[in-house]
Amino acid sequence: MLKNINPTELKAWKKLQKNFDNDKRTLKTRFFEDPDRFNKYHIKWDGLLFDFSKNHIGSETFSLFKELLNEANVREAIQLQQGGEKINVTENRAVLHTALRNMSGDPILMDGEDVMPGIRDSWAKLAAFSNEVRSGDWKGHTGKRITDVVNIGIGGSDLGPRMVINALRPFVSDAMDFHFVANVDGADLHEVLRKVDAETTLFIIASKTFTTQETMKNANSAKEWFLNHGGAESSVAKHFVAVSTNADGVAGFGIDTKNMFGFWDWVGGRYSVWSAIGLPVILAIGFQGFQEFLSGAHAMDKHVATADWDKNIPAQMAMLGIWYRNFHGAASHAILPYDQYMDRFAAYFQQGDMESNGKYVGRDGKKVNYATGPIIWGEPGTNGQHAFYQLIHQGTDLIPADFIASKKPQHSLTDHHPILLANFIAQTEALMTGKSRTEVEIEMRQAGISDATVDEIAPFRVFEGNRPTNSIVADELNPYHLGQLIAAYEHKIFIQGYIWNVFSYDQWGVELGKVLAKAVLGELTGSGVRHEHDSSTSALINYLK
């Protein structure tokens with residue numbers, strides 16, 4: 001079991017507070033005083049570069065990061081998580097998504113039993129099914145091969161496979177198109193069904209319990225569409241499969257339980273892309289590609305568990321996040337991939353991070369007296385530069401940001417890539433250095449602008465700079481390196497949650513809205529009991545009725 005800690009009572013935390021109070025040097029000053037900062041504050045490992053030199057840290061801060069990690073016994077917490085201990089105490093569950101990508105062959109025990117034989121059986125079943133579909137041997141009810149795959153899920157059952165397939169689009173089979181439906185808003189399903197043919201479409205219903213309201217409404221509507229477009233009840237099994245553990249519900253829907261792919265209660269939804277929830281990914285890139293994806297994540301699992309703290313990518317990501325959240329007062333963190341294929345990466349970790357660490361109750365059941373998880377947001381560069389970078393550069397809030405790029409593009413328009421990378425590099429430099437009033441005035445006068453106009457306009461063109469960034473560069477965005485990146489952020493989230501003394505693997509805050517929605521639905525449709533509400537809620541119900 002994870003021990004209870006109050007991070008603010010740790011000696012290293014108090015030393016960090018003193019360091020923050022006493023060291024107010026700007027980033028420009030730090031680089032001027034120490035031109036060797038990059039060599040001191042970067043990690044190059046297994047095809048990844050993590051450059052954290054453009055951060056508000058010096059040698060003392062860096063040393064105190066290590067001291068805090070040791071004082072909090074983070075290494076032991078990582079071992080407990082990866083060793084199958086039931087660290088999700090509020091649900092009495094282990095947290096073993098790392099076992100799903102254990103490519104070592106070593107056993108992983110939970111309650112004295114090795115979970116790996118069951119995982120390998122799952123791999124074999126997923127591989128056999130995906131091979132049958134990808135080869136064209138799996139036929140629809142009229143004998144035609146599958147050309148479209150529609151994944152119906154929500155949350156982790158949607159965001160993970162959607163993000164990964166987008167990110168690995170250059171590796172995706174040209175024989176099939178992949179679609180995702182998550183929102184219970186009928187427009188989401190409607191727009192997908194307009195693009196597909198009932199004779200050649202395979203639906204994946206991803207719901208562990210097979211009772212999730214949004215998913216099952218979409219699933220039943222998809223089935224109704226199928227039956228109205230030439231399908232029959234007897235042929236549902238040729239066009240619908242399930243990722244679930246509810247065999248009765250799956251069979252009742254009309255799906256052959258041989259085509260039901262299960263996973264375990266120690267797999268959290270937002271960490272489930274490594275499990276059978278990743279079936280769309282396997283269909284898209286093949287099981288061999290999926291194994292490469294798992295291998296990258298497994299390499300990061302070993303790295304976080306064994307690498308020295310000063311060369312440990314997730315540990316340094318975690319400590320920098322704590323440094324800005326708890327000492328600099330930064331309420332949000334931006335993830336900015338300079339790769340259009342990674343357009344859903346930030347959205348994926350909005351869930352991954354905010355659902356994990358967006359909590360005010362500590363592991364001791366008491367309200368914490370310090371900030372926990374930040375707001376996570378972002379979009380791909382260079383689009384974001386023409387949208388919200390204004391706020392990062394000149395806004396009143398400090399917003400630390402991760403800039404992510406690849407050395408090598410995964411497309412044929414290679415002359416675009418230097419422009420992309422130039423923007424990637426320039427933005428981190430601009431955020432650090434800014435532009436002083438003197439520089440602005442010189443620039444304007446050299447452009448022939450009058451002194452009066454310079455005095456009037458110059459203040460608006462000043463950039464304070466001193467905005468921190470991390471730069472993460474992969475050799476290329478392939479399944480292996482994507483697996484590494486995702487796992488790095490997962491471990492960062494766990495380390496932060498552990499130090500903040502919260503349970504990162506439950507999500508009780510998600511449940512309340514679900515329960516209330518069911519009650520309100522009955523009132524909207526007239527099929528349920530009327531409940532007492534506040535005046536606003538009652539008025540909204542009446543208005544929408």
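Visitor: Why is Glu355 called partly exposed?

Guide: In this predicted model, Glu355 has a relative accessible area of 22%, and because buried means under 20% and exposed over 50%, that value falls in between and Glu355 counts as partly exposed.

Visitor: What makes Arg270 and Glu355 a salt bridge?

Guide: Their side chains meet at 3.0 Å, N to O, and since the criterion asks for a side-chain nitrogen of Lys or Arg within 4 Å of a carboxyl oxygen of Asp or Glu, the pair qualifies as a salt bridge. Arg270 lies in the loop between strand 9 (260–261) and helix 11 (279–306), whereas Glu355 lies in helix 13 (residues 345–357), so the pair ties together parts that are 85 residues apart in sequence. Arg270, at 4% relative accessibility, counts as buried, because the limit for that word is under 20%.

Visitor: How do you know that Asp158 and Arg162 are separated by about one helical turn?

Guide: The two residues are four residues apart in helix 7 (residues 156–167), which means a separation of about one helical turn. Their side chains also meet in a salt bridge at 2.8 Å, N to O, a value that satisfies the cut-off of within 4 Å.

Visitor: Why are Asp158 and Arg162 described as buried or partly exposed?

Guide: Asp158 has 4% relative accessibility and therefore counts as buried, whereas Arg162, at 22%, counts as partly exposed, because the boundary for buried is under 20%.

Visitor: What makes the span of helix 12 agree with expectation?

Guide: At 1.5 Å a residue, the 15 residues of helix 12 (residues 313–327) should span 21 Å, and because the end C-alpha atoms are 21 Å apart, the two values agree. At the N-terminal end, helix 12 is capped by Asn312, which has a side-chain oxygen 3.3 Å from the backbone nitrogen of Ala315, and the helix is followed by Gly329, whose phi is positive, near 75°.

Visitor: Why is helix 12 called mostly covered?

Guide: The description rests on a count of buried residues, which gives 15 of its 15 residues, where buried means under 20% relative accessible area.

Visitor: How do you know that Lys492 is buried?

Guide: Lys492, which lies in helix 18 (residues 479–499), has a relative accessible area of 4%, and because the limit is under 20%, Lys492 is classed as buried. Leaving aside neighbours within four places in sequence, Lys492 is in contact with residues including Pro314, Met317 and Ala318.

Definitions and conventions: Residues are numbered from 1 along each chain as its sequence is written. This is a predicted model: local features need pLDDT of at least 70, side-chain atom pairs count only at pLDDT 80 or more; totals for chains, interfaces and linings use all residues. Side-chain values use heavy atoms; hydrogens and water are left out. Buried means under 20% relative accessible area, exposed over 50%, partly exposed in between (1.4 Å probe, protein chains only). Contact means heavy atoms within 4.5 Å. The expected span of a helix is 1.5 Å times one less than its number of residues. A polar contact is a pair of N or O atoms within 3.5 Å; within protein, one must be able to donate a hydrogen and the other to accept it, and residues adjacent in sequence count only if both atoms are side-chain atoms.
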